[in-house]
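Dear colleague,

I am handing over the structure we spoke about, and it is shown directly below. After it I have set out what was found, beginning with the metal site and moving outwards from there.

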Amino acid sequence: MITMKDIVREGYPTLTESAAPVEMPPNKEDQETLTDMLTFIQNSQDPEISEKYELRPGVGLAAPQLGLSKRMMAVHFEDLNGNSYSDGYYNPKIISHSVEQTYISTGEGCLSVDREVPGIVPRHMRITIKAINLNGEPVKLRLKGYAAVVFQHEIDHLNGIMFYDHINKNDPFKTPDGAKPCD
Ligand SMILES: O=CN(O)C[C@@H](CC1CCCC1)C(=O)N1NCCC[C@H]1C(=O)Nc1ccccn1
Ligand code: NI
């Protein structure tokens, strides 16, 4: 099972490089990895398991965070409208997005970043994503608000982008014009 020791931290090369597409149909090894990634996120939110294995609770994980430069990510969370997301995705691609932006009012963190980095992380308010899910089915997801933020954070990892790369250097707490918080 994946635990915190398997998660690479800032400075590890896969966190700042562009990951390679996963060969489709996925081979056994990639399927096992993506399944383990989803299980880790679920475990991290389970009070007993997360305590027992000292897991930091998370809502998403991308393969580069395991030192694997592959375009795979997993999410497990419920958004504020009660929509729940729990799946793994191969080769996710944002095919369209709103001009309107949003952000998490308390900023973002990352399981690969062992420090607080204060500031607003501007994200697209709405995104449409195409991907292949864990069952190998092509999916098209229309996401907005918190769900859109989570998926953008994970897809950024596949492109070697960290959340703090988006924080305004001159005024970290500047909110982008017209942007509303998603939480
Ligand atoms: O790439 C993936 N990551 O780095 C894990 C991140 C992904 C989220 C950060 C902002 C949007 C996606 C993550 O989940 N976190 N960031 C660091 C510590 C907190 C934790 C978190 O938000 N936990 C959480 C939130 C709600 C409910 C349960 N747990
Ligand atoms: Ni992260």
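**The nickel site**

The donor residues of the nickel ion (ligand 2) follow the spacing C-x42-H-x3-H in sequence. Cys 110 lies in the loop between β4 (101-103) and β5 (123-124), whereas His 157 belongs to helix α3, so this pair ties together parts that are 47 residues apart in sequence. Please keep in mind throughout that this is a predicted model, and that the distances and angles below are values computed from it. The atoms that coordinate the nickel ion (ligand 2) are SG of Cys 110, NE2 of His 153 and NE2 of His 157, at 2.1 to 2.4 Å. Cys 110 is buried, and His 157 is buried as well.

**Ligand 1**

Which residues are the closest to ligand 1? Of the 16 residues that surround ligand 1, the closest are Val 59, Gln 65, Leu 111, Glu 154 and His 157. Three of the polar approaches to ligand 1 can be described in more detail, and each involves an oxygen atom of the ligand. With Val 59 it is a polar backbone atom that is 2.8 Å from an oxygen atom of ligand 1, while with Gln 65 it is a polar side-chain atom, lying 2.9 Å from an oxygen atom of the ligand. His 157 also places a polar side-chain atom 3.0 Å from an oxygen atom of ligand 1, and His 157 is, through NE2, one of the residues that coordinate the nickel ion (ligand 2).

**The largest pocket**

The largest pocket holds about 570 Å³ of space, and 28 residues line it. Nearest its centre lie Gly 107, Glu 108, Gly 109, Cys 110 and His 153, and two of these residues, Cys 110 and His 153, are also donors to the nickel ion (ligand 2). Helix α3 (residues 146-158) gives the most to the lining of this pocket, with five residues. Sorted by class, the lining has 13 nonpolar, ten polar and five charged residues.

**The segment before α1, and what it approaches**

Lys 5 is found in the segment before α1 (28-44), and with a relative accessibility of 70% it counts as exposed, because the cut-off for that class is over 50%. The side chains of Lys 5 and Asp 6 are joined by a polar contact of 3.3 Å. Along the chain, Lys 5 and Leu 66 are 61 residues apart, and their C-alpha atoms are separated by 9.3 Å.

Leu 66 itself is found in the loop between β1 and β2, and its relative accessibility is 18%, so it counts as buried under a cut-off of 20%. The C-alpha atoms of Leu 66 and Arg 123 are separated by 24 Å, with their positions 57 residues apart along the chain. Gly 67 is found in the loop between β1 and β2 (72-78) and is partly exposed, with a relative accessible area of 22%. Gly 67 and Thr 14 are 53 residues apart in sequence, yet from C-alpha to C-alpha they are 5.6 Å apart in space.

Pro 25 is also found in the segment before α1, and the peptide bond that leads from Met 24 to Pro 25 is cis, with omega near -5 degrees.

**Backbone angles and one further loop**

Two residues that are not glycines have a positive phi, and I list them here for when you inspect the backbone. Glu 54 has a phi of about 55 degrees; this residue is found in the loop between α2 (47-52) and β1 (60-62), and it is exposed, with a relative accessible area of 66%. Asn 91 has a phi of about 50 degrees, and Asn 91 lies in strand β3 (residues 84-97).

Finally, Glu 137 is found in the loop between β6 (126-133) and β7 (138-144) and is partly exposed, with a relative accessible area of 40%. Glu 137 and Tyr 90 are 47 residues apart in sequence, and the distance between them in space is 9.9 Å, C-alpha to C-alpha.

With best wishes

Definitions and conventions. Residues are numbered from 1 along each chain as its sequence is written. Chains are lettered from A and ligands numbered from 1 in the order in which they are written. This is a predicted model: local features need pLDDT of at least 70, side-chain atom pairs count only at pLDDT 80 or more; totals for chains, interfaces and linings use all residues. Side-chain values use heavy atoms; hydrogens and water are left out. On a 1 Å grid over the protein atoms alone, a cavity is a set of points where a 1.4 Å probe fits but cannot get out, and a pocket is an open set with protein on both sides within 12 Å along at least five of seven lines; lining residues have an atom within 4 Å of a point. Grid points are joined across faces, edges and corners, and a volume is the space filled by probe spheres set on the points. Helices (H or I, at least four residues) and strands (E, at least two) are DSSP runs, numbered from the N terminus. Ala, Val, Leu, Ile, Met, Phe, Trp, Tyr, Cys and Pro count as nonpolar, Asp, Glu, Lys and Arg as charged, and the others, Gly among them, as polar. Donors are N, O and S atoms within 2.8 Å of the metal (3.2 Å for Na, K and Ca); water is not among the atoms, so sites may look incomplete. Buried means under 20% relative accessible area, exposed over 50%, partly exposed in between (1.4 Å probe, protein chains only). A residue is near a molecule or strand if one of its heavy atoms lies within 4 Å of it. A polar contact is a pair of N or O atoms within 3.5 Å; within protein, one must be able to donate a hydrogen and the other to accept it, and residues adjacent in sequence count only if both atoms are side-chain atoms.
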